[in-house]
Amino acid sequence: MKKRYYQAAYSLPLLLGATTVAAQTEKPNIILVLVDDLGYSDLGSYGSEIETPHLDQLASEGVRFRQFYNNSISAPTRASLLTGQYAHRAGVGYFDVNLGLPAYQGYLNRESLTLAEVMKTGGYRTYLSGKWHVGANQENGERPAQRGFDHSFGILGGAQLIFIIMNMKKGGIRARCLKMVNRLLSKKIKTST
């Protein structure tokens, strides 16, 4: 019985791939969204009482995940989503901190291809916006541009100020964001009591 299961598991992706190529002449646009601290039913398309019309439209016109294992910590969850592997196998079993073991090295290992690296071989352009949180060392090849993303805009690690947005491809902090933060901090905020 196990043997048949494995045969079906290996042949199914090939059949799906062949069907997709034959049925489509144009590659579909793919938008993959990962949101920290969002519950399963917090979006309208999954039954929320909160209206989320734009996200609902994306969900109704696309494919929705219904079974994805959340690792309860942002970095391992990102590692799993980016590589399709268990976070420990990808090298991010905890946060982006090296704990001295391969499963806990704190960044995506080179044996684990990212979704962006795979998509680029199919002719896709790849973009990342938001938090990376699966490695930041440029010399070690851990940054988004070194893991298949053509462009990235966001923060490399977790628990960083959202107003200080870094262009991860170039590694510099954008001056206009710093000016905006300075303006916000220098304004007197009126509060009503």
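What pattern does the protein chain follow when read along the sequence? In this predicted model, the chain runs α-α-α-α-α-β-β-β-β-α. That comes to six helices and four strands. Of the 193 residues in the chain, 28% are buried. The accessible surface comes to about 14400 Å², and carbon and sulfur atoms hold 58% of it. As for how the chain meets itself, take the contacts with a separation of 6 or more: residues 24 or more positions apart account for 39% of them.

Next come the pockets. The largest pocket holds about 1500 Å³ of space. It has 38 lining residues, and the ones closest to its centre are Leu32, Val33, Leu34, Tyr46 and Phe65. Three helices each chip in at least two residues of this lining: helix 2 (53–61), helix 3 (74–83) and helix 5 (115–121). Helix 2 gives the most, with five residues. Sorted by class, the lining of the largest pocket has 21 nonpolar residues, along with eleven polar and six charged ones.

The second largest pocket offers about 820 Å³ of space. Its lining is made of 27 residues, and Ile30, Leu32, Tyr127, Leu128 and Phe149 sit nearest its centre. Here helix 3, helix 5 and strand 1 (127–131) each supply at least two lining residues, and strand 1 gives the most, with five. By class, this lining has 17 nonpolar, five polar and five charged residues. Leu32 turns up twice in this picture: it is among the residues closest to the centre of the largest pocket and among those nearest the centre of the second largest pocket.

Then there are the charged pairs. Side chains of opposite charge can pair when their charged atoms come close. The count of salt bridges in this model comes to two. In one, Arg147 pairs with Glu117, with the closest N and O atoms 3.2 Å apart. Arg147 lies in the loop between strand 1 and strand 2 (151–155) and Glu117 in helix 5, so this bridge links distant parts of the chain, 30 residues apart. Both Arg147 and Glu117 are buried.

In the other salt bridge, the side chains of Asp150 and Lys120 meet at 2.7 Å, N to O. This pair also links distant parts of the chain, with Asp150 in the loop between strand 1 and strand 2 and Lys120 in helix 5, 30 residues apart. How buried or exposed are Asp150 and Lys120? Asp150 counts as buried because its relative accessibility is 18%, and the cut-off for buried is under 20%. Lys120, with a relative accessible area of 37%, is partly exposed.

Key
Residues numbered from 1 in each chain as written. Predicted model: local features only at pLDDT ≥ 70, side-chain atom pairs only at ≥ 80, totals over all residues. Heavy atoms only, no water. Buried < 20%, exposed > 50% of the residue type's maximum accessible area, 1.4 Å probe, protein only. Contact = heavy atoms within 4.5 Å. Areas by Shrake-Rupley, 256 points an atom, 1.4 Å probe, with all protein chains shown as cover. 1 Å grid on protein atoms, 1.4 Å probe; cavity = no way out; pocket = protein on both sides within 12 Å on 5 of 7 lines; lining within 4 Å. Points joined across faces, edges and corners; volume = space filled by probe spheres on them. Nonpolar A, V, L, I, M, F, W, Y, C, P; charged D, E, K, R; others polar. Salt bridge = Lys/Arg side-chain N within 4 Å of Asp/Glu carboxyl O.
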